[in-house]
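Subject: Structure for you to look over

Hello,

Here is the structure I said I would pass on. My notes on it follow below.

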Amino acid sequence: MKNWQEVFKLFLQGLYKAVSRFPFTVFCLAGATGIVWYTIYIEFNPTLYINKVAYALAVGAFIGMLAQFSIERFEKLAHKPIAVYALSLVLTAGYFLIILPAPELSAEITVRTFVAVFAMLCAILWVPSFKGETNFDKVALIHFKGFFTSILYSAVLSAGIAAILAAVDMLLFDINNDAYAYTMAFIWVMFAPLYYLSLLPKFHSREEYDFDAMQRAEYYPRFLEILVSYILVPLVGIYSLVLFAYFIKILLTMKWPVGQLGPMVLIYSAVGIILFILVSLLENRFALLYHKMFPKILIPIVIMQMISVGIRLNAYGITESRYYVALFGVFSIVIGLILSLKPLTKNGFIALLAAGFAIVSILPPVDAFTVSRVSQITRLEGILQGEGILADGKLTPKVNASENTKIETTNILNYLNRQSSLEYIEWLPEDFAIYDDMRETFGFAATYPNYTNEYRYFSAFLDTRVPINISDYDISLQFHSNRYEKDMTSQTVSFMLEEKTYELVVERLSQAEVKLSIQDATGSELISTGLYEFAERLSEVGEKHKSELSPDEMTLEVNRDGYELKILFQSINMTFEPEPDAGVDYSGQVFFGVK
């Protein structure tokens with residue numbers, strides 16, 4: 001009991017110290033909790049103003065953390081905490097006033113806010129290690145442990161309280177359903193961050209209590225060492241081999257990926273760099289090998305990614321997502337080069353460099369949105385000028401513009417409209433609306449890609465309202481065959497006819513061909529037919545999509561040695577290209593008779 005009481009006492013002391021140590025952050029967290037509770041009260045339909053307040057409080061929470069760590073690290077600021085908190089309040093209010101006139105919380109506001117918060121987070125990690133007084137890797141480890149410990153505690157607390165509320169609701173008295181939402185909001189918006197803050201020691205304090213807390217916080221748990229060294233490091237190593245194998249495949253085939261490589265390498269690079277920081281405190285063989293090899297492996301992999309991104313940029317111009325993928329690629333290459341040359345112990349520059357890249361990406365005129373907007377407008381002008389629609393800043397509508405011009409013009413205008421950037425196009429009429437003014441302005445309506453140009457397909461469906469003649473047949477059976485079946489094994493259905501046993505066998509020979517047969521009890525084939533020839537012949541007549549075809553048009557009949565087989569297709573779906581989607585799906589009824 002004594003030990004339990006001591007643990008609980010330390011827990012409460014930690015929360016109290018977090019409140020007193022991070023007053024501005026706690027104030028913002030309390031405000032955010034109130035906002036979420038109010039949103040629950042009004043049934044999750046907050047006004048735009050309330051959402052803007054929530055954004056400002058979220059930004060203010062990180063500003064408060066950065067302010068507190070700056071006070072603790074720099075002696076001049078330590079003597080003026082009130083001034084630092086006042087500046088934090090001014091910055092938070094300034095952010096709110098900046099977004100207040102916005103008609104909506106657009107993607108641009110959200111991305112700029114997220115990037116600014118990320119830059120502050122990097123600064124929060126770096127400030128305690130300024131001039132090397134505290135090891136950056138230890139600071140990162142403390143934050144890493146604190147974050148996941150807080151998540152674990154909050155998840156357990158959430159599950160426990162939810163179970164208690166459910167038990168009270170079922171066994172004692174009714175509880176309002178909103179009680180769950182209010183409780184979860186408090187745990188995840190208030191308690192989880194507060195407990196995380198309570199786990200962060202004072203990195204530069206000379207007091208004995210704070211020194212002991214620092215010693216406990218920077219301890220590297222054995223389970224984490226095993227997880228990092230013997231599980232994560234090998235996994236990242238194997239993933240690196242896969243990427244290198246793909247790189248060799250690209251060199252042999254000279255076919256560069258069209259988009260999937262960027263996100264994969266971005267995640268690989270981010271996880272790899274975080275893991276690099278975590279292994280820097282370890283001295284086992286796996287950790288030392290990873291620390292030595294990862295920066296050198298990272299460089300060629302990211303260069304491969306950058307070539308792929310360059311191909312996309314050359315073909316489709318710059319967008320925000322491509323901008324950040326390319327920017328992170330440059331960051332990764334710089335990190336790889338520096339880590340290949342620098343000593344083992346000082347990794348604080350990683351956070352500092354990441355913050356610098358993040359800030360650059362939101363400062364005009366080189367920010368992601370300005371660069372993307374200019375790129376897409378320039379690309380649009382080039383397309384229209386090449387078609388003769390735009391000349392000397394004036395538009396001349398063209399009814400018979402090429403299909404590619406129509407599609408690309410529509411795509412770019414939709415993109416710019418989503419980014420609220422149509423006003424930057426000087427030659428576009430005021431109050432231009434894509435769906436209302438496209439034809440009058442450009443000579444053609446909004447046009448979208450016809451994906452059948454890439455995926456050639458055919459489909460046919462039976463008109464189920466037309467009666468079916470089954471007078472010459474003795475039994476009817478259903479069948480289905482899908483091209484994506486994991487194996488090509490046969491489907492068998494047994495049935496009795498005039499006291500004899502027969503089997504319907506549906507055998508998938510390939511993604512396109514299916515053999516359908518009737519066998520006797522000994523397994524001897526009585527009658528059979530393939531289905532693909534009929535489907536292919538049907539696809540050559542008429543349109544790519546046929547619905548409500550008559551039973552005669554959807555029927556395949558076969559006769560042999562007194563046995564009659566009639567296949568009435570209910571649906572046929574064919575894809576001709578590209579691989580691996582090419583193939584045919586069949587569905588229908590089988591009629592069998594014996595003369």
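The side chains of glutamate 108 and arginine 112 form a salt bridge, with N and O 3.0 Å apart. Please keep in mind throughout that this is a predicted model. The two residues sit 4 apart in helix 6 (residues 107–126), so about one helical turn separates them. Glutamate 108 is partly exposed, at 22% relative accessible area, and arginine 112 is partly exposed as well, at 21%.

Salt bridges

The structure has 10 salt bridges. Another of them joins glutamate 225 and arginine 222, whose closest N and O atoms are 3.3 Å apart. Both residues belong to helix 10, where they are 3 residues apart, or about one turn of the helix. Glutamate 225 is buried, with a relative accessible area of 17%; the cut-off for buried is under 20%. Its partner, arginine 222, is partly exposed at 48%.

A salt bridge between strands is found further along the chain: arginine 560 meets glutamate 525 at 3.8 Å, N to O. Arginine 560 is in strand 10 and glutamate 525 in strand 8 (residues 525–530), so this pair ties together parts that are 35 residues apart in sequence. Arginine 560 has a relative accessibility of 34% and counts as partly exposed; glutamate 525, at 34%, also counts as partly exposed. Through shared partners, salt bridges connect Glu108, Arg112 and Asp367 into one network.

Aromatic pairs

There are 29 aromatic pairs in the structure. In one of them, tryptophan 37 and tyrosine 182 have ring centres 6.3 Å apart and planes at 75°, so the pair is edge-to-face. Tryptophan 37 is in helix 2 (residues 23–41) and tyrosine 182 in helix 8 (residues 178–198), so the contact ties together parts 145 residues apart in sequence. Both rings belong to partly exposed residues: tryptophan 37 has a relative accessible area of 35%, and tyrosine 182 is at 26%. Elsewhere, Tyr239, Tyr268, Phe276, Tyr290 and Phe294 are linked into a cluster by ring pairs.

Surface patches

Ile226, Leu227, Tyr230, Ile231, Leu232, Leu235 and Phe286 make up a nonpolar surface patch of about 570 Å². Which helix gives the most to the nonpolar patch? It is helix 10 (residues 222–253), with 6 residues. Phenylalanine 286 lies in helix 12 (residues 285–316) and is partly exposed, with a relative accessible area of 39%.

A patch of negative charge on the surface gathers Asp472, Asp552, Glu553 and Glu557. Of these, glutamate 557 is located in strand 10 (residues 555–560). Glutamate 557 counts as exposed because its relative accessibility is 51% and the cut-off for exposed is over 50%.

Backbone points to check

Most residues other than glycine have a negative phi, and most peptide bonds are trans. The following places depart from that.

Proline 364 and proline 365 are joined by a cis peptide bond, with omega about 5°. Proline 365 is in the loop between helix 14 and helix 15. That loop, between helix 14 (348–360) and helix 15 (368–387), also holds serine 361. Serine 361 is buried, with a relative accessible area of 2%. Its C-alpha atom is separated by 29 Å from that of valine 279, a residue 82 positions away along the chain.

Aspartate 392 is not a glycine, yet has a positive phi of about 55°. Aspartate 392 is found in the loop between strand 1 (390–391) and strand 2 (394–395), and at 81% relative accessibility it counts as exposed.

Aspartate 561 also has a positive phi, near 50°, in a residue other than glycine. Its place is the loop between strand 10 and strand 11 (563–577). Aspartate 561 counts as exposed, with a relative accessibility of 70%.

Regards

How values were computed. Residues numbered from 1 in each chain as written. Predicted model: local features only at pLDDT ≥ 70, side-chain atom pairs only at ≥ 80, totals over all residues. Heavy atoms only, no water. Patch = residues over 30% accessible without salt bridge, like charges linked within 9 Å, V, L, I, M, F, W, Y side chains within 5 Å. Areas by Shrake-Rupley, 256 points an atom, 1.4 Å probe, with all protein chains shown as cover. Salt bridge = Lys/Arg side-chain N within 4 Å of Asp/Glu carboxyl O. Lys, Arg positive; Asp, Glu negative; His and termini not counted. Charge placed at Lys NZ, Arg CZ, Asp CG, Glu CD. Buried < 20%, exposed > 50% of the residue type's maximum accessible area, 1.4 Å probe, protein only. Phe/Tyr/Trp six-rings, centres within 6.5 Å; stacked < 30°, edge-to-face > 60°.
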